[in-house]
Amino acid sequence: GDALNAAKKADEDAATKDKKAKKLEEIKKKNQENANKGDDIAGRIYKAVKGSGTDNESLTKAVNEINADNVMAVFDAWTKDSTYAKSFGEDDIIGAIQDDCSGSQQTGYEKKIKQALYDRSNKIVKDLQEYGLDDEATDLQRAANEFKNTVESEHNSFHSSDSTVKSAFDSFVPKLRAAEQKLKETLTPAS
């Protein structure tokens, strides 16, 4: 019995390792594809908002392409290209949009990006749970709900505060990034 159980456990461990390796490969492939898309979208947003005036049509098209798969790549592209940050004095895309837009247009862009981040966090929560990271999943779900509720409550408020909305994004994006990193670490085999 013990030898059979040991063999069974070894098979399960091998299957788990294989499953983790496949998942890590899938994440890396998606991240690479989305990095290119993120660079493209961030670049188009930058062009639409730089200088005086806003190219609203281009900005709307670019923001509408942001989704759960590429939203972090857009944030990463914005942060890594110091041209964007320097010209706005804003290290993130939300600040740049807030500097250039107002009213329902600004709110629409923020809602679209909020939803993409929220949808992405839901995918990451499922992956965290699948690989036994229940505490991290719970923490991320709580942070995602708090983020979503804060942004929505500001958008529904008569005196919406840009700084509160921006703070919600500034606080949530690093939490999502850290959860994704934790997932990758868990999927990476110990050397």
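The protein chain exposes about 10,500 Å², of which carbon and sulfur atoms supply 48%. This value, like the others reported here, was computed from a predicted model. Of the 191 residues in the protein chain, 39% count as buried. Taken along the principal axes, the box filled by the C-alpha atoms is roughly 75 × 35 × 25 Å. The charged side chains comprise 30 positive and 36 negative ones, and the centres of these two sets lie 3 Å apart.

The secondary structure of the protein chain consists of eight helices and zero strands. Read from the N terminus on, the order of elements is accordingly α-α-α-α-α-α-α-α. Contacts between residues at least 6 apart in sequence were also examined, and 69% of these join residues at least 24 apart.

The largest nonpolar core contains 49 residues. Within this core, the residues with the most contacts are Ile-45, Phe-75, Ile-113, Leu-117 and Phe-169. At least two core residues are supplied by each of α1 (2-49), α2 (56-64), α3 (71-80), α5 (93-100), α6 (103-130), α7 (134-156) and α8. The helix that gives the most to the core is α8, with nine residues.

The surroundings of Leu-117 illustrate how the core is connected. With residues up to four places away in sequence left aside, Leu-117 touches Val-71, Met-72 and Phe-75, as well as Phe-147. Leu-117 also touches Phe-169, Phe-172, Val-173 and Leu-176; these four residues are among the buried positions of α8.

Helix α8 was considered in further detail. This helix covers residues 162-187, and its 26 residues should span 38 Å at 1.5 Å a residue. The C-alpha atoms at its two ends are 38 Å apart, so the expected and modelled spans agree. Besides the four residues that touch Leu-117, the buried residues of α8 include Val-165, Lys-166, Ala-168 and Ala-179. Glu-180, Leu-183, Thr-186 and Leu-187 are likewise buried in this helix.

Among these positions, Glu-180 of helix α8 was examined individually. The relative accessible area of Glu-180 is 10%, and the residue is therefore classed as buried, the cut-off being under 20%. Not counting residues up to four places away in sequence, Glu-180 touches Met-72, Arg-120 and Ile-124. Met-72 is thus a contact of Glu-180 and also one of the residues that Leu-117 touches.

Definitions and conventions. Residues are numbered from 1 along each chain as its sequence is written. This is a predicted model: local features need pLDDT of at least 70, side-chain atom pairs count only at pLDDT 80 or more; totals for chains, interfaces and linings use all residues. Side-chain values use heavy atoms; hydrogens and water are left out. The expected span of a helix is 1.5 Å times one less than its number of residues. Buried means under 20% relative accessible area, exposed over 50%, partly exposed in between (1.4 Å probe, protein chains only). Contact means heavy atoms within 4.5 Å. Accessible areas come from the Shrake-Rupley method with a 1.4 Å probe; for residues, only the protein chains shown count as cover. Lys and Arg count as positive and Asp and Glu as negative; His and the chain ends are not counted. The place of a charge is taken as NZ of Lys, CZ of Arg, CG of Asp or CD of Glu. A nonpolar core is a set of buried Ala, Val, Leu, Ile, Met, Phe, Trp, Tyr and Cys residues joined through side-chain atoms within 4.5 Å.
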